[in-house]
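Biologist: Hi, could you walk me through this model? I'd like to ask things as they come up.

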Amino acid sequence: MSVVTGAKNKISVKIGRGAAMAILIFLSVLVLIPLVWTICMSLKPDGEIYNGRFFPTALQFDNYIRSVTKIDFFLYLANTLKIVIPSVIGMVFSCALVAYGFSRFDFKGKRAWFLILLATMMIPGQVTMIPQFLLYRMIGWVNTYLPLTVPAFFATSGYNVFLMRSFMSGIPKDFDEAATIDGAGPLRSFIRIMLPMCQPVLMAVTVFTFMGTWNDFNGPLIYLYDAKKYTLSLGLSFFKGLYTSQWNLLMAATVLVMLPILILFFLAQDYIINGISISSGTKG
Amino acid sequence: MSAITADKKPKTNLNQRRQNRYGYAFIAPWLIGLFLFTLIPMLFSLFLSFCKWDIVTGLSSIQWIGTQNFTKIFNDGKFYKALEVTFKYCLISIPAYQIISLIVAMLLNMRIKFMHGIRLIFFLPSIIPTIASSMIWMQMLGKEGILNQGLALLGISGPSWLKTPQTALYGLIIMGVWGIGNTIIIYLSGLQGVGEELYEASAIDGANSFQRFFKITIPMISPTIFFNVVMAVIGSFQYFTQAFVMTEGGPLNSTLFYNLYLYTKAYKDLQMGYASALAWIMFVIILFFTLLVIRSSSFWVYYQNDDKI
């Protein structure tokens with residue numbers, strides 16, 4: 001009897017798995033269609049843009065060269081990197097410092113400050129957006145990269161601090177106490193002992209900050225007026241306004257803008273997914 | 001004995017002083033940033049919301065006008081339109097995205113070959129720059145776009161989604177489904193934390209799959225649902241970039257999201273006081289709904305270890 005139900009169960013499990021697999025494959029195809037379609041469009045000859053076919057009849061790789069020259073791609077790329085690189089360095093280092101403070105020292109008011117840190121994650125950007133803009137305007141920072149980079153040095157992402165603190169709290173205190181006995185000050189044991197042990201979470205924050213800054217649209221939109229200072233995101237939207245009918249070139253530029261992010265994602269997928277899981281409190 | 005205690009006391013005091021000194025030294029960057037980039041701007045923005053200020057003329061022209069901005073806002077038809085659009089978007093997208101994410105996450109949680117690769121596919125769209133996905137979907141949602149080509153296979157003739165006032169908002173909502181990979185990953189990690197033994201025990205008790213879903217899965221992942229819903233509430237009310245790039249609020253203001261209206265008031269019309277008042281109204285709305293979710297959580301969120309933060 002039990003053998004029979006066991007066999008029945010096995011069959012139903014198999015059918016269930018098969019059905020789930022079929023649904024998943026179908027959904028994956030749906031998810032991939034926009035991306036595949038974008039790549040196809042980016043390679044279409046000009047005459048085929050509006051023919052309603054999915055695949056191009058001939059692959060026009062030349063589109064990429066044309067779009068790169070039309071959109072001033074390398075200028076925008078350089079501009080974007082001028083924001084991304086300082087932001088990543090500032091964010092990783094400042095958030096690590098602050099997270100170390102929260103995870104290793106029992107200072108007065110620690111609990112209250114930490115709750116405030118979590119609460120700041122809930123403040124919508126628009127409440128601080130206008131006064132920040134006015135402040136930067138007063139000190140002449142508008143239309144420079146400073147408003148987009150300097151704040152990163154002040155651990156402005158509660159999310160990243162929270163992520164790093166969770167990770168550091170999981171590292172036994174014995175390690176840095178041993179360093180303290182050897183005569184190292186807290187800053188030295190932070191740099192020498194803690195940072196090397198935190199590599200996975202440092203990577204996660206690096207990747208998040210890189211993606212966040214690279215993808216940022218609203219910041220550059222508000223602070224940069226001069227087209228020569230535009231970032232890739234902003235440049236792409238500007239390009240859209242000028243060449244609405246040349247969708248093949250527009251899509252080639254779109255592919256180029258998302259390519260570095262896709263590469264980064266495939267290289268660092270485990271860090272990203274673990275980081276997201278930790279932050280939601282379901283892991284770590 | 002007394003010598004020992006006497007010896008110990010100053011030492012702990014000294015230790016506490018060191019703890020304070022080092023602790024504050026390490027969190028100093030964040031503390032400074034908190035005042036500089038959050039608290040002071042917030043106070044200034046609150047002050048501005050009671051002022052009239054055309055920024056072109058400089059600081060000296062700030063003029064205190066009391067609650068006039070707010071009375072004007074409450075008589076502003078576009079304000080109500082923006083609220084309507086934003087609420088409609090939140091009301092549809094928050095539950096829909098959560099349910100879809102959870103279903104997909106449950107499928108992704110099964111032990112099947114190639115699952116790692118399939119998970120990556122679902123996550124992929126959520127890392128694409130918003131500007132890029134906006135560009136892609138402007139085409140997808142066109143009259144001859146892929147979505148309508150797909151619908152045509154089912155015998156449905158779709159509209160030009162973003163150019164029709166009745167469908168523009170729904171076009172954006174459909175596009176949003178594509179980018180919910182983040183939420184899916186969080187649900188997935190929540191599901192992976194549910195112990196197998198609970199399901200095995202319930203199977204012995206003869207529970208069917210519906211009972212297992214509602215009696216075990218949902219309660220066990222309720223902290224994850226809670227996290228995702230809070231994040232969704234905060235994020236959805238601030239919807240901006242896609243509408244700015246793809247529809248510019250149109251057609252006929254059918255996608256005039258609140259933040260888009262606020263942006264126009266602040267940076268196009270340069271009415272900083274009015275815009276600050278708009279920002280504070282949105283802040284209060286978000287705060288209200290976030291607290292509502294947090295308050296309600298004691299009724300439906302189940303913490304296994306009783307450790308909240």
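Modeller: Happy to. One term to start with: helices here are DSSP runs of H or I with at least four residues, numbered from the N terminus. Please also keep in mind that this is a predicted model.

Biologist: Good. Where does B:P251 sit, then?

Modeller: B:P251 is in the loop between α12 (241-246) and α13 (258-268) of chain B. The peptide bond leading into this proline, from B:G250 to B:P251, is cis, with omega near -15°.

Biologist: Which residue that is not a glycine has a positive phi of about 50°?

Modeller: That is B:E248. B:E248 lies in the loop between α12 and α13 of chain B.

Biologist: Is B:E248 buried or exposed?

Modeller: B:E248 counts as exposed, because it has 12 C-beta neighbours inside 10 Å, and the cut-off for exposed is 12 or fewer.

Biologist: And what is phi at B:N253?

Modeller: Phi of B:N253 is near 60°, a positive value in a residue other than glycine. B:N253 also lies in the loop between α12 and α13 of chain B. With 18 other C-beta atoms within 10 Å, B:N253 is partly exposed.

Biologist: Let's switch to chain A. How many helices and strands does it have?

Modeller: Chain A has 13 helices and zero strands.

Biologist: What about its overall dimensions?

Modeller: The C-alpha trace of chain A spans about 80 × 75 × 35 Å along its principal axes. Its radius of gyration is 25 Å, whereas a compact globule of 284 residues would have one near 19 Å.

Biologist: How much of chain A counts as buried?

Modeller: 43% of the 284 residues of chain A do. As for the contacts in chain A with a separation of 6 or more, 74% are between residues 24 or more positions apart.

Biologist: And the largest nonpolar core, which residues touch the most other members?

Modeller: Those are A:C95, A:V98, A:M164 and A:A253, in a core of 142 residues. α3(A) contributes the largest share of this core, with 14 residues.

Biologist: Tell me about A:V98. What is it in contact with, leaving aside neighbours within four places in sequence?

Modeller: Within chain A, the partners of A:V98 are A:A155 and A:V161. From chain B, A:V98 is in contact with B:F26, B:I27, B:P29 and B:W30.

Biologist: So on to the two chains together. How many residues are in contact?

Modeller: 72 residues of chain A are in contact with 71 residues of chain B. On the chain A side, the helices that each supply at least two residues include α1 (2-42), α3 (73-104) and α13 (247-279).

Biologist: Which helix gives the most?

Modeller: α1(A), with 14 residues of the side of chain A that touches chain B. By class, that side has 45 nonpolar, 21 polar and six charged residues.

Biologist: One last residue: where is A:F105?

Modeller: A:F105 is in the loop between α3 and α4 of chain A. A:F105 counts as partly exposed because it has 19 C-beta neighbours inside 10 Å, while buried would take 20 or more.

Biologist: Which residues is A:F105 in contact with, apart from neighbours within four places in sequence?

Modeller: A:F105 is in contact with B:Q19, B:Y22, B:G23 and B:F26. You met B:F26 earlier, as one of the contacts of A:V98.

Terms used: Residues numbered from 1 in each chain as written. Chains lettered and ligands numbered in written order. Predicted model: local features only at pLDDT ≥ 70, side-chain atom pairs only at ≥ 80, totals over all residues. Contact = placed C-beta atoms within 7 Å. Nonpolar A, V, L, I, M, F, W, Y, C, P; charged D, E, K, R; others polar. Rg over C-alpha atoms; globule rule 2.2 N^0.38 Å. Core = buried A, V, L, I, M, F, W, Y, C linked by C-beta atoms within 7 Å.
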